Amino acid sequence: MPYAVSDEKLEEIKDLNDIVDVLGEFIELKRAGTNYKALCPFHNEKTPSFVVSPDKQIYHCFGCGEGGDVFSFLMKYNNYTFMEAVEYLADKVGIKLEQVSEKNSEKKELLYKINREAAIYFYGNLKKSKESINYLRRRGIDSKSIKKFGIGYALDSWNGLLDHLKSKNYKDKDIADTGLVIERNKSEGYYDRFRNRIIFPIINTKKQVIGFGGRVLDDSLPKYLNSPDSEIFSKGKYLYNLNNSIKNKETNYIILTEGYMDVIKLSINGYNNTVASLGTALTKHQIRLLKKYYDVFYIAYDSDESGKKAAIKALNLFKNQNLEAKVIVFPNNMDPDDYISKYGKSKFRERLNENLDYFEFLHSYYSSKYDINTNKGKVKYIEEFFGNINNVSNSIERELIIEKISEKTQISKENLLKEFSKKYLNKKKFKSDFKKKKKEVKGINIENYFTTLAEKVSKNEELYEYTVNKYSETFKKIFGNNFFEDYNFKLTKDYSFENSLSTDEIDFMVNKILIKYQEKQLSELRHKLNNNPNNEEILTEISKIYKEIKILRQGGIN
Ligand SMILES: [Zn+2]
């Protein structure tokens with residue numbers, strides 16, 4: 001067996017692969033209330049009795065009794081082994097599988113235990129600290145919420161937590177691996193990361209404490225401090241309070257905020273379905289995670305300049321995944337906590353109902369920034385808009401937005417469309433061509449990988465040279481001699497995009513492409529084998545490719 005995958009990894013792979021998306025690639029699903037229906041792929045039928053539940057993330061056929069989750073579907077439908085199903089789904093959402101030993105999962109268990117002990121300790125401290133209790137009271141946080149969120153306090157001490165955990169027989173090194181303590185220079189022991197701070201434990205959907213956030217009680221800086229990423233904590237992959245939100249799921253919408261206090265104050269006012277990103281910008285991972293549980297997404301960020309910019313980024317990230325998010329706007333640079341504390345929940349409800357959609361929010365932002373009654377302002381406004389709607393993959397929707405821009409600027413829609421396509425559309429068309437190709441080979445999307453690679457390296461001379469020198473021959477073999485032209489594989493010197501790719505990552509991507517390529521060969525051979533079950537040549541070829549795939553999966557290239 002090439003990999004041993006930990007339970008957490010499996011959980012993560014399952015979390016990020018929505019059952020509707022996965023099954024939808026293979027069978028045609030039709031919405032039926034909160035579920036989806038389809039003709040069962042496992043028995044012959046004329047009326048659909050195959051039901052997929054996005055809430056429970058399972059499928060079940062009332063005709064033949066087949067049922068299960070994403071893994072079992074792939075095993076049954078594609079004849080995958082369990083590990084093949086895991087690999088396929090991990091690959092789809094960009095999770096890298098690594099060899100995980102028994103020892104590794106024991107270590108994680110230990111880190112969870114240390115975090116749990118720390119959370120209990122912080123919680124106990126809070127009860128003894130009048131100053132912190134008063135601080136929370138002043139901010140409108142009652143004892144019920146302190147309990148619900150497990151809010152605690154880190155003493156104003158360099159070793160309060162460290163000594164406590166050591167008295168429970170935990171080792172320095174293990175405590176340091178949670179990020180709760182930091183090693184001193186010249187290895188002279190350790191000290192507490194969180195000192196004199198209100199502590200918010202971050203708990204995952206399995207009720208494990210994965211990290212902490214800490215806030216100062218005064219105006220000192222940094223205002224917030226989070227646990228660093230560790231073996232059990234990754235900021236971009238989880239959201240604060242998702243555990244409570246899905247436990248008492250009352251609505252199909254979720255409110256996204258920027259801070260712990262926003263979440264807690266909204267929850268006190270009856271909005272349990274609120275989460276916060278953990279001190280980083282929203283990520284694709286987080287959106288995929290939310291999409292599993294919710295249909296409607298409200299972005300309730302701070303209304304200052306940086307909050308607005310973050311909201312635009314988030315809107316585009318949702319759009320990228322074909323989802324529509326809406327923005328709740330607050331006056332006078334307020335954040336959700338400020339607003340609901342000052343005006344109460346019914347006023348907050350009004351703000352929520354008056355949410356702005358994608359176009360409305362971008363318009364309100366850019367028209368306040370540029371005077372669209374002047375020519376110069378119009379040009380800037382349009383440019384900014386174009387940069388954003390490049391994220392809208394649906395061309396009809398894009399045209400509708402351009403129509404609205406035309407109304408606002410009094411520039412004809414035709415001219416706007418011409419300008420937009422001149423700047424962006426070639427790239428888009430080239431993307432959609434690949435989508436078509438991708439469909440031809442169901443579930444095997446080599447071209448997609450290759451497009452991504454081509455796009456990334458084409459913006460950086462060094463990476464481009466590296467890739468062409470090292471892999472031209474490989475690409476010719478897979479994509480034909482004309483791959484430069486066919487795939488627009490040329491240096492564009494478009495430096496307006498950030499490019500943080502390393503050569504290691506290029507090697508990794510090429511490795512993926514080669515694996516996909518070999519898998520495609522394999523599936524073609526399997527087809528052939530169906531018609532000639534005993535053909536020795538095909539069998540030999542298959543076993544050869546199996547070996548090659550195995551080498552590739554271990555990181556080899558050719
Ligand atoms: Zn069936």
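In this predicted model, Pro222 is placed in the loop that runs between strand S10 (209-216) and strand S11 (224-226). The peptide bond leading from Leu221 into Pro222 is cis, its omega angle being near -5 degrees.

Strand S10 also borders another loop, the one that follows strand S9 (197-203), and Lys207 lies there. Lys207 is a residue other than glycine with a positive phi, near 65 degrees, and it counts as exposed because 10 other C-beta atoms lie within 10 Å, where the limit for this class is 12 or fewer. A positive phi, about 60 degrees, is likewise found at Gln57, which is not a glycine; Gln57 belongs to the loop between strand S3 (50-53) and strand S4 (58-61). Gln57 has 18 C-beta neighbours inside 10 Å and is therefore classed as partly exposed.

As regards the overall arrangement, the chain is divided into domain 1 (7-92), domain 2 (102-233), domain 3 (242-356), domain 4 (364-435) and domain 5 (444-553). Between the C-alpha centres of domain 2 and domain 4 there is a separation of 47 Å.

Helix packing is illustrated by helix H16 (residues 358-369) and helix H17 (residues 375-389), whose axes come within 10 Å and cross at roughly 145 degrees. The crossing of H16 past H17 is right-handed. On the side of H16 the contact involves Leu362, Tyr366 and Ser367, while H17 contributes Tyr381, Glu384, Phe385 and Asn388. Sorted by class, the residues in this contact comprise 4 nonpolar, 2 polar and 1 charged.

Methods:
Residues are numbered from 1 along each chain as its sequence is written. This is a predicted model: local features need pLDDT of at least 70, side-chain atom pairs count only at pLDDT 80 or more; totals for chains, interfaces and linings use all residues. Domain bounds come from an automatic or database domain assignment. Axes are lines fitted to C-alpha atoms, for helices over the stretch in contact, and angles run from 0 to 180 degrees between N-to-C directions. Helices (H or I, at least four residues) and strands (E, at least two) are DSSP runs, numbered from the N terminus. A crossing is left-handed if the near helix is turned anticlockwise from the far one by less than a right angle, and right-handed if clockwise. Two residues are in contact if their C-beta atoms, placed from the backbone, lie within 7 Å. Ala, Val, Leu, Ile, Met, Phe, Trp, Tyr, Cys and Pro count as nonpolar, Asp, Glu, Lys and Arg as charged, and the others, Gly among them, as polar. A residue is buried if 20 or more other C-beta atoms lie within 10 Å of its own, exposed if 12 or fewer, and partly exposed in between; C-beta atoms are placed from the backbone.
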